[in-house]
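Student: I would like to learn how to read a ligand site and the aromatic pairs in a model such as this one. Could you take me through them step by step?

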Amino acid sequence: MEKFVLTGKTLAELEQFMLENSQTRYRAKQIYNWIYIKSVKTINEMTDLPVVTRELLEQKAVLCSISLKDKQISKDGTMKFLFETDDGNYAEAVLMRFDNRANLTACISTQVGCNMGCTFCATAKLGFKRNLTVEEIIQQIYCIQAETGLKVTNIVFMGQGEPLMNLDNMLGAIKIFREQFQVGARRITVSTCGIIPKINELAALDFQSTLAISLHAPNQEIRENIMPIAKKYKFDELISTLKHYTQITGRRVTIEYVLMKGINDSVESAYQLAKAISKLKSNVNLIIYNQNEKSIYKKPSNDTVQKFKYILEASGKKVTIRLERGADIDAACGQLSAKFQDK
Ligand code: SAH
């Protein structure tokens with residue numbers, strides 16, 4: 001018998017399950033709180049349920065369908081979690097705490113692997129296995145909270161996979177994050193390599209979370225050299241799609257730009273980028289390329305980064321440089337590759 005997965009269910013679904021098992025609605029509400037407010041590690045920790053109810057749950061239900069396989073902690077406090085799905089696949093998530101802020105940001109995955117093929121990205125090297133389900137996406141947050149005893153306050157869809165290629169499940173997960181985990185729409189960010197039709201779908205839905213675009217290039221030529229998806233969805237069309245998106249939603253987008261030495265980090269590139277996005281309601285997030293032994297690119301010098309930032313700022317953009325977190329445990333941006341999978 002397939003066990004009923006508790007995490008991810010609405011109150012109504014939990015009530016139905018409990019009624020079918022000759023239990024009360026009240027018990028369902030208790031379970032709901034144990035899951036979404038307390039995020040307990042085991043059913044047995046639901047201490048206000050009678051022992052018989054806990055036994056019934058142990059028999060017929062499980063908290064999660066994914067399980068924690070491995071956890072690593074970086075010198076800077078960043079944690080990386082490796083999860084195994086019930087069909088033996090792996091997905092990674094990262095938890096970051098930024099100094100002087102109470103915020104706890106979780107970076108989660110939407111797919112096992114990825115088939116976008118960006119030349120600089122570790123996940124791309126894994127290829128694509130499958131989409132994660134709504135439950136598997138939200139259980140990453142559940143397990144992180146259960147494991148650490150901490151409440152995640154911000155969620156970024158910047159782990160493995162392309163969230164807009166798994167749009168329905170991503171939206172399903174966001175609904176649960178908002179309504180059940182009580183994480184506000186503005187505290188959720190979705191990052192995409194630029195799937196134009198899906199960005200239009202989000203615009204039509206009046207999407208209220210933050211949309212971040214992995215642009216990484218100031219023009220079509222450079223972009224299609226490092227991001228194969230750019231051959232399908234062209235640079236200029238992407239920028240106009242984003243303009244349309246900001247008009248419909250009233251929301252500013254974030255332009256992500258990974259600086260790679262000699263590829264996209266010249267002064268000329270900075271001016272070109274500034275011009276390309278000058279009429280786009282956007283902030284810029286510069287990311288210094290994370291290099292490891294397998295990397296084919298190099299990171300730019302600090303001086304190059306500062307120049308690039310200055311040129312964009314002078315054009316009127318608000319620019320931030322993304323802090324590198326968890327580099328010593330391969331949890332840094334673009335380095336999630338579930339090494340375990342090769343073993
Ligand atoms: N598929 C989505 C989500 C991935 S998010 C997207 O493309 O946006 C991960 C972010 O890290 C993306 O902006 C990605 O381009 C970036 N990234 C990938 N490899 C990187 C690396 N080696 N160093 C820094 N950033 C990297």
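**Reading the ligand site and the ring pairs**

Tutor: Let us start with where the ligand sits, bearing in mind that this is a predicted model. Domain 2 (65–180 + 326–343) and domain 3 (193–322) both contribute residues to the shell around the ligand, so the ligand lies between them. The domain assignment also gives a domain 1 (4–62), and the centres of domain 1 and domain 3, taken over C-alpha atoms, are 44 Å apart.

Student: How many residues surround the ligand, and which are the closest?

Tutor: The ligand is surrounded by 19 residues, with Glu 162, Ser 191, Ser 214, His 216 and Asn 290 as the closest. Sorted by class, the shell comprises nine nonpolar, eight polar and two charged residues, and among the secondary-structure elements, β10 (188–192) and β12 (253–259) each supply at least two residues of that shell.

Student: Which atoms of the ligand lie 2.6 Å from the side chain of His 216, and which lie 2.9 Å from the backbone of Asn 290?

Tutor: For His 216, an oxygen atom of the ligand is 2.6 Å from an N or O atom in the side chain. For Asn 290, a nitrogen atom of the ligand is 2.9 Å from a backbone N or O atom, and a backbone N or O atom of Phe 120 likewise lies 3.3 Å from a nitrogen atom of the ligand. On its own the ligand has 540 Å² of accessible area, of which the protein covers 95%.

Student: How is a pair of aromatic rings described?

Tutor: Such a pair is described by the distance of the ring centres and the angle of the planes. In this model the count comes to eight aromatic pairs. One of them joins Phe 4 and Phe 17, which are stacked, at 4.0 Å centre to centre and with 0° between the planes. Because Phe 4 lies in strand β1 (residues 4–5) and Phe 17 in helix α1 (residues 11–20), the pair ties together parts that are 13 residues apart in sequence.

Student: Is Phe 17 buried or exposed?

Tutor: Phe 17 is buried, with a relative accessible area of 7%, where buried means under 20%. Tyr 289 and Tyr 297 form a pair that is edge-to-face, with 5.9 Å from centre to centre and 80° between the planes, and both of these tyrosines are buried.

Student: Which residues do ring pairs link into a cluster?

Tutor: The cluster linked by ring pairs consists of Tyr 32, Tyr 36, Phe 157, Phe 177 and Phe 181.

Terms used. Residues are numbered from 1 along each chain as its sequence is written. This is a predicted model: local features need pLDDT of at least 70, side-chain atom pairs count only at pLDDT 80 or more; totals for chains, interfaces and linings use all residues. Side-chain values use heavy atoms; hydrogens and water are left out. A residue is near a molecule or strand if one of its heavy atoms lies within 4 Å of it. A polar contact is a pair of N or O atoms within 3.5 Å; within protein, one must be able to donate a hydrogen and the other to accept it, and residues adjacent in sequence count only if both atoms are side-chain atoms. Accessible areas come from the Shrake-Rupley method with a 1.4 Å probe; for residues, only the protein chains shown count as cover. Helices (H or I, at least four residues) and strands (E, at least two) are DSSP runs, numbered from the N terminus. Ala, Val, Leu, Ile, Met, Phe, Trp, Tyr, Cys and Pro count as nonpolar, Asp, Glu, Lys and Arg as charged, and the others, Gly among them, as polar. Domain bounds come from an automatic or database domain assignment. Rings of Phe, Tyr and Trp (its six-membered ring) pair if their centres lie within 6.5 Å; planes under 30 degrees apart count as stacked, over 60 as edge-to-face and the rest as tilted. Buried means under 20% relative accessible area, exposed over 50%, partly exposed in between (1.4 Å probe, protein chains only).
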